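Here are some worked exercises to try with the model open beside you. Have a go at each task before reading its solution.

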Amino acid sequence: MIATPEPDHDWKTELMAIDQSKSGIKGLVDAGLAKLPRVFVHDHLNLNIKSGPAPDNVNIPVIDFAGVNTDSTLRAMIIDEIRNACMKWGFFQVVDHGIPVITLEEMINGIRWFHEQEPEAKEKLYSRDESKKVTFNTKIDMSQTMAAYWRDTLTCVMAPNPPATQELPGTCRDIMLDYTNNVMNLGTTLFELISEALGLNPNHLKDIGCTEGLYVMGHYSPACPEPELTMGTGVHTDSGFLTVLLQDQIGGLQVLHDNRWIDVTPIPGALIINLGDLLQLISNDKFISVYHRVVARNNGPRISIASFFRTYIEPQNAFRRYGPIKELLSENNPPIYKETNVVDYFKFKHLKGVEGTSALAHFKLF
């Protein structure tokens, strides 16, 4: 159920005030905010779904990548674990992934330093212009809910055509370049392993463009005075192929599994991997893209960095089409989805509204 804005509440004025301040939620908190503005209140949060720690023996898979490129026996075991995680959860955590812990810590600190600068240092980047490669803003669902989320976000389009170095904020410029280079390398490994988990040539997903685009969002969620009324991120699935998430130890991410919201417990040094809608589409539902959300907390700030592998940012990809991979199809496994180009898919999903919706059903053949 999606809430409709109250007729007597001037949502647009509140939303415009947030944008015009160019200081984000951090600015509101620094000004002494004690009660949530109405625009942050999500009326549809009273869902009849249990939430909290996983029941006994129900845990998001944790996969150790040690030896993945040096030991064929270990690699085969890792591929089996990935296959099971992608079929049953759509999420898993990775340890021993090859990115140094110091790099992860510096990336979290870099995003923190950006958001904790003086407002004047950030306001020049405050924008909702999606043609810009580097922007800063407060997340607002511009569909039916017209509600703001409890987070500020620095967004950087890092591949295939990254911004000029000087366009990146000085507080996190060097670590952004270092970290995203590492994530791109990890992404290549992940797509090789997922290709093999599907029974395909290791380069199959790379060859069809899954590794080309990287869209990075550095989230900052201050401690919230009324966390039960709002969300850090609403219920959604990711649009692209795959997401690599780095989070601090605050927590808040939850995954919907067997009609229950399961906490994703932070593991020091781990990265969270989740599949996006387009990977479910091209795998013909063998692997799944699942609903997830981030609850607001009364402690913080919570810092996370989501790196999305997706190709639809660049105009030249407008006519690149994706459908179920032909090598996976048979008489007993006919295509479930029609082909679509990635731009149309993205536009349809976001026109419909991100929260609580999946666009996949629209592209089904039957």
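**Exercise 1.** Which residues gather in a patch of negative charge on the surface?

*Solution.* A note on the ground rules: this is a predicted model, in which local features need pLDDT of at least 70 and side-chain atom pairs count only at pLDDT 80 or more, while totals for chains, interfaces and linings use all residues. Residues are numbered from 1 along each chain as its sequence is written, and side-chain values use heavy atoms, with hydrogens and water left out.

Step 1: Apply the patch criteria, namely residues with over 30% relative accessible area and no salt bridge, with like charges joined within 9 Å. A salt bridge here is a side-chain nitrogen of Lys or Arg within 4 Å of a carboxyl oxygen of Asp or Glu.

Step 2: The negative patch that results holds Glu105, Glu106, Asp174 and Asp178. Two or more residues come from each of helix H4 (101–115) and helix H6 (173–197); helices are DSSP runs of H or I with at least four residues, and strands are runs of E with at least two.

Step 3: Look at Glu106, which sits in H4. Its relative accessibility is 38%, so Glu106 counts as partly exposed (buried is under 20%, exposed over 50%, partly exposed in between, with a 1.4 Å probe and protein chains only).

**Exercise 2.** How many disulfides does a search of the whole structure find?

*Solution.* Step 1: Take the cut-off, a pair of cysteine sulfur atoms within 2.5 Å.

Step 2: The search returns zero disulfides. For Cys156, the nearest cysteine sulfur belongs to Cys172 and is 6.3 Å away.

Step 3: Check burial. Cys156 has a relative accessible area of 0%, so Cys156 is buried; Cys224, at 3%, is buried too.

**Exercise 3.** Where are the cis peptide bonds to Pro160 and Pro301 placed?

*Solution.* Step 1: The bond joining Ala159 and Pro160 is cis, with omega about 10°. Pro160 lies in the loop between strand S5 (147–159) and H6.

Step 2: From Gly300 to Pro301 the bond is cis with omega near 15°, and Pro301 belongs to the loop between strand S12 (292–295) and strand S13 (302–309).

**Exercise 4.** Asp258 has a positive phi; is Asp258 buried or exposed?

*Solution.* Step 1: Phi of Asp258 is about 50°, although this residue is not a glycine. Asp258 is in the loop between strand S9 (253–257) and strand S10 (260–263).

Step 2: With a relative accessible area of 70%, Asp258 is exposed.

Conventions. Patch = residues over 30% accessible without salt bridge, like charges linked within 9 Å, V, L, I, M, F, W, Y side chains within 5 Å. Areas by Shrake-Rupley, 256 points an atom, 1.4 Å probe, with all protein chains shown as cover. Lys, Arg positive; Asp, Glu negative; His and termini not counted. Charge placed at Lys NZ, Arg CZ, Asp CG, Glu CD.
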